[in-house]
Amino acid sequence: MGSGKSTFSKMLLENLNLKQRAQGSPSFSIVHEYEIEDSKVGVAHLDFYRLKHEQEIEEAGIPDYFWDNNFIVLSEWTSLFETFEKQVLENSPLHRNWKMFFDFTDDLNDSQRKIALEINF
């Protein structure tokens, strides 16, 4: 918590030429959907933090975002559901996933984060 995931996502969204204003983390709504100007591709910003059971992922229709080639998906706390995360990383239709890790480190001040990027093709 507080490592910068939502801030990073919001900044990324603000630079995608969205038709609507980027909102904060979808912690309570689970998902925020956005449309990109002059594009058929949408963006889904998901937050798994409030989900309690793997079954809720299916009930909320979350898998559809990952399997639909017309969505860029930003997801937070996906790692809370290891089975689902593994399915996404192994079975994504385009086989392109970027997994980012945000962390505090002792050698950085409170406003800085260490970010690691793992790209799966």
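This is a short dialogue on reading a predicted model, taken feature by feature.

Me: Where do I start with the sheet? In what order do the strands lie?

Reply: Start with strand order, then ask how each pair runs. Here three strands form an open sheet in the order 1-2-3, and the pairing is mixed. The edge strands are strand 1 and strand 3 (71-76), and each pairs on one side only. From one strand to the next, the twist averages 15°.

Me: Which strands run antiparallel, and how many bridges join them?

Reply: Strand 1 and strand 2 (residues 42-47) run antiparallel and are joined by five bridges. To find your place in that pairing, use E33: its bridge partner in strand 2 is A44.

Me: In what sense do strand 2 and strand 3 pair?

Reply: They pair in the parallel sense, over six bridges. A useful marker here is G42, whose bridge partner in strand 3 is F71.

Me: How do I read the side chains along a strand?

Reply: In a regular strand the side chains alternate between the two faces of the sheet. Strand 1 (residues 31-35) shows this alternation. H32 and Y34 point to one face and are buried. V31, E33 and E35 point to the other face and are not buried.

Me: What about backbone angles? Which residues other than glycine have a positive phi?

Reply: Look at I30 and D38. Phi of I30 is near 75°. Phi of D38 is near 55°.

Me: Where do I30 and D38 lie?

Reply: I30 is in the loop between helix 1 (5-14) and strand 1. D38 is in the loop between strand 1 and strand 2. That second loop belongs to a hairpin with six residues between the strands.

Me: Is each of them buried or exposed?

Reply: Go by relative accessibility. I30 is at 14%, so it counts as buried. D38 has a relative accessible area of 79%, so it is exposed.

Me: Now a single residue. What should I check around H45?

Reply: Check its element, its burial, its polar partners and its contacts. H45 lies in strand 2. Its relative accessible area is 1%, so H45 is buried. A polar contact of 2.6 Å joins its side chain to that of E76.

Me: Beyond its sequence neighbours, which residues is H45 in contact with?

Reply: Leave aside neighbours within four places in sequence. H45 is then in contact with residues including S9, L13, G24, S25 and P26. I30, V31, H32 and Y34 are also among its contacts. So are L74 and E76.

Me: On to the rings. How many aromatic pairs does the structure hold?

Reply: It holds five. For each pair, read the distance between centres and the angle between planes. F48 and F84 form a tilted pair, 5.9 Å centre to centre with 35° between the planes. This pair links distant parts of the chain, 36 residues apart. F48 is in the loop between strand 2 and helix 2 (54-59), and F84 is in helix 4 (residues 82-91). F48 is buried at a relative accessible area of 0%, and F84 counts as buried at 4% relative accessibility.

Me: What kind of pair do Y65 and F71 form?

Reply: An edge-to-face one, 5.1 Å centre to centre with 90° between the planes. Y65 counts as buried, at 11% relative accessibility. F71 is partly exposed, with a relative accessible area of 23%. The cut-off for buried is under 20%.

Me: Which residues form an aromatic cluster?

Reply: F48, F66, F81 and F84 form one.

Me: Last, the interior. Which residues make up the largest nonpolar core?

Reply: List the members, then trace each to its element. The core has twelve residues in all: I30, A44, L46, F48, L51, I57, I62, Y65, F66, F81, F84 and V88. Strand 2, helix 3 (62-67) and helix 4 are the elements that give two or more residues to it. Helix 3 gives the most, with three residues.

Me: What does L51 contact, its neighbours within four places in sequence aside?

Reply: L51 is in contact with I30, E56, I57, I62 and F81. Another core, of seven residues, lies apart from the largest one. Among its members are A22, Y34, I36 and V43.

Key: Residues numbered from 1 in each chain as written. Predicted model: local features only at pLDDT ≥ 70, side-chain atom pairs only at ≥ 80, totals over all residues. Heavy atoms only, no water. Buried < 20%, exposed > 50% of the residue type's maximum accessible area, 1.4 Å probe, protein only. Helix = DSSP H or I, 4+ residues; strand = E, 2+ residues; numbered from the N terminus. Pairing = 2+ DSSP bridges. Polar contact = N/O pair within 3.5 Å; in protein donor to acceptor, adjacent residues only side chain to side chain. Contact = heavy atoms within 4.5 Å. Phe/Tyr/Trp six-rings, centres within 6.5 Å; stacked < 30°, edge-to-face > 60°. Axes fitted to C-alpha atoms, helices over the stretch in contact; angles between N-to-C directions. Core = buried A, V, L, I, M, F, W, Y, C linked by side-chain atoms within 4.5 Å.
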